[in-house]
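This briefing is meant for a reader who is meeting the structure for the first time. Please keep the sequence and the 3D view at hand while reading the points that follow.

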Amino acid sequence: MDTIYLDDFVDEGIIRESSFRKKVNSIDWEIYSDKNVLIKGCASVEIPTWAYMIITVNLSKFAKKILFGEPCSAIKIL
């Protein structure tokens, strides 16, 4: 299972929408084609709900299954 860590999107200690969207747009989402993908639930900073939604929308075009949370207790999104 591939994992997306939302800490990778932190900019100067927070999630900033402009830099978040730039990073999201630079990802080749096809690398997740037909894969199970976990969006890691814990991060070093508070994650806005819209960030999860943007990641999920992009993944939904390619991933076989999208999960949220921790590997031991992940919740299926798609």
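Is E70 buried or partly exposed? In this predicted model, E70 has a relative accessible area of 23% and is therefore partly exposed, since the range called buried ends under 20%. The points below start from this residue and its salt-bridge partner, and then turn to other charged pairs, the nonpolar core and two residues of one helix.

**The pair E70 and K40**

- The side chains of E70 and K40 meet in a salt bridge, with a distance of 2.5 Å from N to O.
- E70 sits in the loop between β3 (65-69) and β4 (75-76), whereas K40 belongs to strand β2, so this pair ties together parts that are 30 residues apart in sequence.
- K40 has a relative accessible area of 17% and is buried, while its partner E70 is partly exposed at 23%.

**Other salt bridges**

- The structure holds five salt bridges, and the pair of E70 and K40 is one of them.
- As a general background, side chains of opposite charge can pair when their charged atoms come close.
- E17 forms a salt bridge with R21, in which the closest N and O atoms are 2.9 Å apart.
- Both E17 and R21 lie in helix α1, and they are four residues apart, which is about one turn of the helix.
- E17 counts as partly exposed at 40% relative accessibility, and R21 likewise counts as partly exposed, with a value of 40%.
- R16 and D11 are joined through their side chains in a salt bridge of 3.5 Å, taken from N to O.
- D11, E12 and R16 are linked in a network of salt bridges.
- Within that network, R16 is partly exposed at 31% relative accessibility, and D11 is partly exposed at 22%.

**The largest nonpolar core**

- The largest nonpolar core has 19 residues, and those that touch the most other members are I4, F9, F20, I55 and L59.
- Two or more residues of this core come from each of the elements α1 (17-26), β2 (36-40) and α2 (49-60).
- Helix α2 provides the largest share of the core, namely five residues.
- When residues up to four places away in sequence are not counted, I4 touches F9, W29, Y32, V37, L38, I39, K40, I55 and L59.
- The list of residues touched by I4 thus includes K40, the buried residue whose side chain meets that of E70 in a salt bridge.
- In soluble globular proteins, nonpolar side chains tend to be buried together.

**Two residues of helix α2**

- N58 lies in helix α2 and counts as buried, because its relative accessibility of 16% is under 20%.
- Leaving aside neighbours within four places in sequence, N58 is in contact with V24 and W29, and W29 is also among the residues that I4 touches.
- S60 lies in helix α2 as well, but S60 is partly exposed, with a relative accessible area of 37%.
- Beyond its neighbours within four places in sequence, S60 is in contact with I66 and L78.
- The C-alpha atoms of S60 and I77 are separated by 9.5 Å, although these residues are 17 residues apart along the chain.

Note on methods: Residues numbered from 1 in each chain as written. Predicted model: local features only at pLDDT ≥ 70, side-chain atom pairs only at ≥ 80, totals over all residues. Heavy atoms only, no water. Core = buried A, V, L, I, M, F, W, Y, C linked by side-chain atoms within 4.5 Å. Buried < 20%, exposed > 50% of the residue type's maximum accessible area, 1.4 Å probe, protein only. Contact = heavy atoms within 4.5 Å. Salt bridge = Lys/Arg side-chain N within 4 Å of Asp/Glu carboxyl O.
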